[in-house]
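Reader: I'd like to go through this fold piece by piece. Could we start with the ground rules and then take the sheets, the helices and the rings?

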Amino acid sequence: MSTDTFPRAASGTDSATGATAVTGTATATGVGWAVRALADVVERVAVTRDQVGTRFPLYADPGDGRWTTTGRGSWTGGFWAGLLWLRAGFTGDRADRVAAAACTARLAPWTDADTATRGLILWYGTAPAGDDPAAAALRDRAARACLRAWEPESGLVPWGDAFGGPRELARVDGVPGMVPLLAGAGAGAGTVVGTAADAAAGLRPAAGPGPAAGLRPGPGPRPDGVAAAAAHLHRHLELCLGAGPSRDPVRDPFRPAWRRTATGWRPCEDPGPGWSRGPAWLLLAVADALLRPEVAARVPGDLTVAAERLLTEGGVLTGPLVPYADTARPDGPLDTSAAAITAVALLKLARVPGPHAPTYARRAGAILERLVRGHLAGPEPGRPAGMLLDGCYDAPRGLAVRHELVWGSFFLALALAALTGTADLTQV
């Protein structure tokens, strides 16, 4: 990346207030605010645990903090288990580890579910557990199941039908978590053949031009986990960002979801191009791949170029610190969960050797400080402290548009734990 691509990278405004952003990093301004915020968030985890019991929190009312829950966790269950593990790491309390381990064990039925969100569920529900043997065993089982689900015809693990709807989809929220999960599935499988674009997966292209033509299996065994992870990421980048740098992002905007048809891949209307979590999820997956050189080396092209395009097209380094849920609707709600995901992605990119690492760290620090100072609930009557407010679950349907979201709280906690030295982002 050129050094003049991101002028004034740590500056920006909050979409809601227009206030000037904090420009210093956590190191420059001190981490006291991050330590206090993390303490509030992990205390909120304890309050939530007492409230939800063996159910899984999904989103909480901004007025009183009461959670809407699910019995099996849905696609967000891993974030609740991950929050419990982050609390256990913060407190060092054995009872907290026991609670986290019990929650992670309840994720086991998702291992064989037909959904690419197994990356979200079973990576983030196990990776924060560190060396816990049961979590490691579940993660290994999930990784092997996902590798079996990888389809050579499409070059990815399909979205699946576990939540209803069409199965043959490629959605960006099926990429984060799935990349490190597949990469951990082991090595030593197929012979890599075919064009440069498909070499990562050991595939050769079907007849016809471009990604719409689909893929057929190449000769030899199925690819190993690293090759499947690279192919899964590559296919989503190819669909969402287009085939080359000449793509016009105005006339051909970022499309977070695609459907595979008999004639090729076609963009889906929902979620739409303005969905702020779409680029955030994909940037997180790219950062995970860059932190795994064995994966990055198998992705055709230069992944840093893909990261640059995601950063520049989305205004990640120069735009609002907290984006609108739908960037095409500046009259709509914000989405702090998208900001928290982005902050974690930037902190991961800051750990990849390169000249822009300080820029990424500064911007992540600015986002996190804005989240903490502007959107993290303090103590007040009737509502617990430590709630990350102004998350938007589903803007088009008007569902939970200013709420605490379990994944937003997870990524905020993970980023704060990384800033304060209680979590290693290269492992989560």
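Author: Sure, terms come before strands. Two strands pair if DSSP finds at least two bridges between them. Helices (H or I, at least four residues) and strands (E, at least two) are DSSP runs, numbered from the N terminus. This is a predicted model, where local features need pLDDT of at least 70 and side-chain atom pairs count only at pLDDT 80 or more, while totals for chains, interfaces and linings use all residues. Residues are numbered from 1 along each chain as its sequence is written, and side-chain values use heavy atoms, with hydrogens and water left out.

Reader: How many bridges join β3 to β6?

Author: β3 sits in an open sheet with the order β3-β6-β7 and antiparallel pairing. Its edge strands, β3 (169–171) and β7 (264–267), each pair on one side only. One bridge sets Arg 171 opposite Ala 257 in β6. Between β3 and β6 (residues 257–261), the number of bridges is three.

Reader: Which helix lies across β3, β6 and β7?

Author: Angles here run from 0 to 180 degrees between N-to-C directions, with axes as lines fitted to C-alpha atoms, for helices over the stretch in contact. The helix covers residues 225–241 and runs at about 85° to β3. That's α8.

Reader: Arg 255 is buried, so what is the nearest side chain of opposite charge?

Author: Arg 255 is in the loop between α8 and β6. Leaving out residues up to four places away in sequence, Arg 255 touches Cys 240, Pro 267, Cys 268, Glu 269 and Pro 273 (contact means heavy atoms within 4.5 Å). Buried means under 20% relative accessible area, exposed over 50% and partly exposed in between (1.4 Å probe, protein chains only); Lys and Arg count as positive and Asp and Glu as negative, with His and the chain ends not counted. Arg 255 has no salt bridge (a side-chain nitrogen of Lys or Arg within 4 Å of a carboxyl oxygen of Asp or Glu), and the nearest opposite charge, 4.3 Å away, is on Glu 269.

Reader: On to the other sheet: which residue in β2 stands opposite Pro 57?

Author: This open sheet has the order β2-β1-β8, with antiparallel pairing. β2 (67–70) and β8 (404–405) have a single partner strand each, so one side of each is left without a neighbour in the sheet. Four bridges join β1 (residues 56–60) to β2, and Pro 57 stands opposite Thr 69.

Reader: And at what angle does α2 run to β2?

Author: Helix α2 takes up residues 32–52 and lies across β1, β2 and β8. Its angle to β2 is about 60°.

Reader: Why is the pair of Phe 79 and Phe 410 called tilted?

Author: Rings of Phe, Tyr and Trp (its six-membered ring) pair if their centres lie within 6.5 Å; planes under 30 degrees apart count as stacked, over 60 as edge-to-face and the rest as tilted. The structure holds twelve such pairs. With centres 5.5 Å apart and planes at 45°, the rings of Phe 79 and Phe 410 are therefore tilted.

Reader: How many residues apart are Phe 79 and Phe 410?

Author: Both are buried, and ring pairs link them into a cluster with Tyr 124, Trp 281 and Phe 411. Phe 79 belongs to helix α3 (residues 77–91) and Phe 410 to helix α14 (residues 406–419). The gap along the chain is 331 residues.
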